[in-house]
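Q: I have a new model open and I'd like to learn how to read it feature by feature. Can we start with the open spaces?

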Amino acid sequence: MAEGTTERDPSPAEVPAEVPADDYLRRRTLRRGSAGWLLLTGLGVAYVVSGDFSGWNIGLAKGGFGGLAIAALLMGVMYACLVFALAELSAILPTAGGGYGFARRALGTWGGFLTGTAILIEYILAPAAISIFIGDYVESLGLFGLESGWPVLLGCFVVFLGIHLWGVGEALRFSLIVTAIAVGALLIFAVGAFTDFSAARLDDIPVDEDAFGANSWLPFGLLGIWAAFPFGMWFFLGVEGVPLAAEEAKDPVRSMPRALAVSLGVLVLLAVLTFFAATGAQGSAALQEAGNPLVVALQGDGEPTALSRFVNYAGLAGLVASFFSLVYAGSRQLFALSRAGYLPRFLSLTNRRKSPYLGLLIPGAIGFALAASTGDGARMLNIAVFGATISYALMSLSHLVLRRREPELSRPYRTPGGVLTSSVAFLLSLSALAATFLVDREAAFIALGVYAVAVLYFALYSRNHLVAKAPEEEFAALAAAEAELGRNGTESR
């Protein structure tokens, strides 16, 4: 018999589920009430803020200023629609499962697993990539004479995983402080860069005359807009992870929608300021391949200035904030999938401070091994984006299905625009998924391979060993029971 189980439950769920022993969930609990809306908002911004310091500018080499601007606008619309849909779903199902839990309720066990796995791909690969960028920053800044390599990467994982193991409240407060530093630096950067702003520099990338629809604003033609989608996402990638903190939040029904809306508003403001200030100060051509575009925007080929040095150090703070928060998100998604039996159950055990220690340490070890062995941060980020776009499509679909199938479900918060909003998110996420093949086809196929292995594990083993009393499974069983009662009542009349 599986660990921690006593008997089979004749649940109305679609697959057999095991009833856990009395201490099963007690050994797998998180610290509730640790995060109010402000900490949750900080978490949402922290997920993303490193993308303002670097990465987005590569989209200039794919679509030019106009192409990236349109791509960022469309991806901003996608994230706004997705966040409004998630705000409704998180108020209905305030559990640590986040997107997996929503899809489990709407799309069944397969939908839940496919969504959760896609989210895991994003949240395990992205921190690994960012740790490489942290190492590069440490070396470029000459901090303590260190060079980028496995010792710096190991130190990064050890220190920040240690803070997470200490406790969620301490971890989120640390994240909020580092995020505030990074956000402040972006605002100061924008003020400095706008003093040298010139609209004439925005469209200075040479035009590819052979590209359909090419002009100075779209130097790579209309296709360049689509190719720039993944880089437009970098201004927002990760904000959808806020609901993963639902079980540890104070009054999640109210605080979660508020945190999602405020964090997205902050990110939109930062994206607009950063994009226009950087490209207008130095020109799109100068930034399109820069590893540190904000520093290039401030100093070009000249000597470092006090402001450029400050922004350089703040960029490190932004990377730390995103690394730290993405580790948190990955551990909570892994915790929820493991607790419900989709992944090995030992991964959801928590320590005395209610942190899922194995859910932190094992993904951390995988991330460190990938970062140290490959050193290819860009490739890992592209794989992460592929996983993210799959999860966006499935989470949007979950909102659509629940609105149609369970219209009378209590909804403390309702998505503005209803199914139209989530339909827009669904269609744009599919477009972004297809765009990943334009940017890095190899990364997309690597992600598909990982996905296929996970699907085999679920099909052959874990779908028959789910845990009936896990929160997401209980929600699903309750919904199935209510539906059955409704059908019986209709037949009796």
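Q: Which residues lie nearest the centre of the largest pocket?

A: The general idea goes like this: rolling a probe the size of a water molecule over the atoms shows where empty space is left. Keep in mind that this is a predicted model. Here, 30 residues line the largest pocket, and those nearest its centre are Ser54, Gly55, Phe133, Trp234 and Leu381. Two or more lining residues come from each of α1 (37–48), α2 (50–53), α3 (58–92), α4, α12 (306–339) and α14 (377–405). The space in this pocket is about 580 Å³.

Q: Which helix gives the most to that lining?

A: That's α4, with seven residues. As for chemistry, the lining of the largest pocket has 16 nonpolar, ten polar and four charged residues.

Q: What about the second largest pocket: what is its volume?

A: Its volume is about 490 Å³. The second largest pocket is lined by 20 residues, with Leu120, Ile124, Ile366, Val450 and Ala454 closest to the centre. Helices α4, α13 (357–374) and α16 (441–460) give two or more residues each. Once again look at α4, which has the largest share of this lining with six residues. The class split here is 19 nonpolar, one polar and no charged.

Q: And how many closed cavities of 30 Å³ or more are there?

A: The count is three. The largest cavity has a volume of about 80 Å³. It has 14 lining residues, and Tyr123, Pro127, Val327, Pro363 and Gly364 are the ones nearest its centre. At least two lining residues come from each of α4, α5, α12 and α13, and α13 has the largest share, with five. By class, the lining of the largest cavity is nine nonpolar, five polar and no charged.

Q: α4 keeps turning up. How do I read its span, and what would a straight helix of 43 residues give?

A: Compare the expected length with the distance between the ends. A straight helix of 43 residues would span 63 Å at 1.5 Å a residue, but α4 (residues 99–141) spans only 38 Å between its end C-alpha atoms. Now look along the helix for a bend: α4 has a kink of about 150°, centred on leucine 107.

Q: Is α4 largely enclosed or open, and why?

A: Because 36 of its 43 residues are buried, α4 is largely enclosed by the rest of the structure. Glutamate 122 is a nice one to click on in α4. Its relative accessibility is 1%, so glutamate 122 counts as buried, the cut-off being under 20%. Its C-alpha lies 7.3 Å from that of isoleucine 383, although the two are 261 residues apart in sequence.

Q: How does the span check work out for α5?

A: Helix α5 (residues 150–166) has 17 residues and should span 24 Å at 1.5 Å a residue; its end C-alpha atoms are 24 Å apart, which agrees.

Q: Which residues of α5 are buried, and which are exposed?

A: Start from the helix pattern. An α-helix has 3.6 residues a turn, so residues three or four places apart point the same way. In α5, the buried set is Val152, Leu153, Cys156, Phe157, Phe160, Leu161, Ile163 and His164. Viewed down the axis of α5, the buried residues fall within an arc of 150°, so they line one face of the helix. Trp150 and Val158, on the other side of α5, are exposed.

Q: What should I look for in backbone angles, and where is phi positive?

A: Most residues other than glycine have a negative phi, and most peptide bonds are trans. Glycine 142, which follows α4, has a positive phi near 70°. Just after α5, glycine 167 has a positive phi of about 155°. Aspartate 251 is not a glycine, yet its phi is positive at about 45°. You'll find aspartate 251 in the loop between α8 (229–232) and α9 (252–282), and it is partly exposed, with a relative accessible area of 42%.

Q: Last one: is alanine 290 buried or exposed?

A: Alanine 290 is buried, with a relative accessible area of 15%, and it sits in the loop between α10 (284–287) and α11 (293–299). The C-alpha atoms of alanine 290 and asparagine 57 are 7.4 Å apart, while 233 residues separate the pair along the chain.

How values were computed: Residues numbered from 1 in each chain as written. Predicted model: local features only at pLDDT ≥ 70, side-chain atom pairs only at ≥ 80, totals over all residues. Heavy atoms only, no water. Helix = DSSP H or I, 4+ residues; strand = E, 2+ residues; numbered from the N terminus. Expected span 1.5 Å × (residues − 1). Bend = angle between axes of the 7 residues up to and from the residue. Buried < 20%, exposed > 50% of the residue type's maximum accessible area, 1.4 Å probe, protein only. 1 Å grid on protein atoms, 1.4 Å probe; cavity = no way out; pocket = protein on both sides within 12 Å on 5 of 7 lines; lining within 4 Å. Points joined across faces, edges and corners; volume = space filled by probe spheres on them. Nonpolar A, V, L, I, M, F, W, Y, C, P; charged D, E, K, R; others polar. Arc of directions from axis to C-beta.
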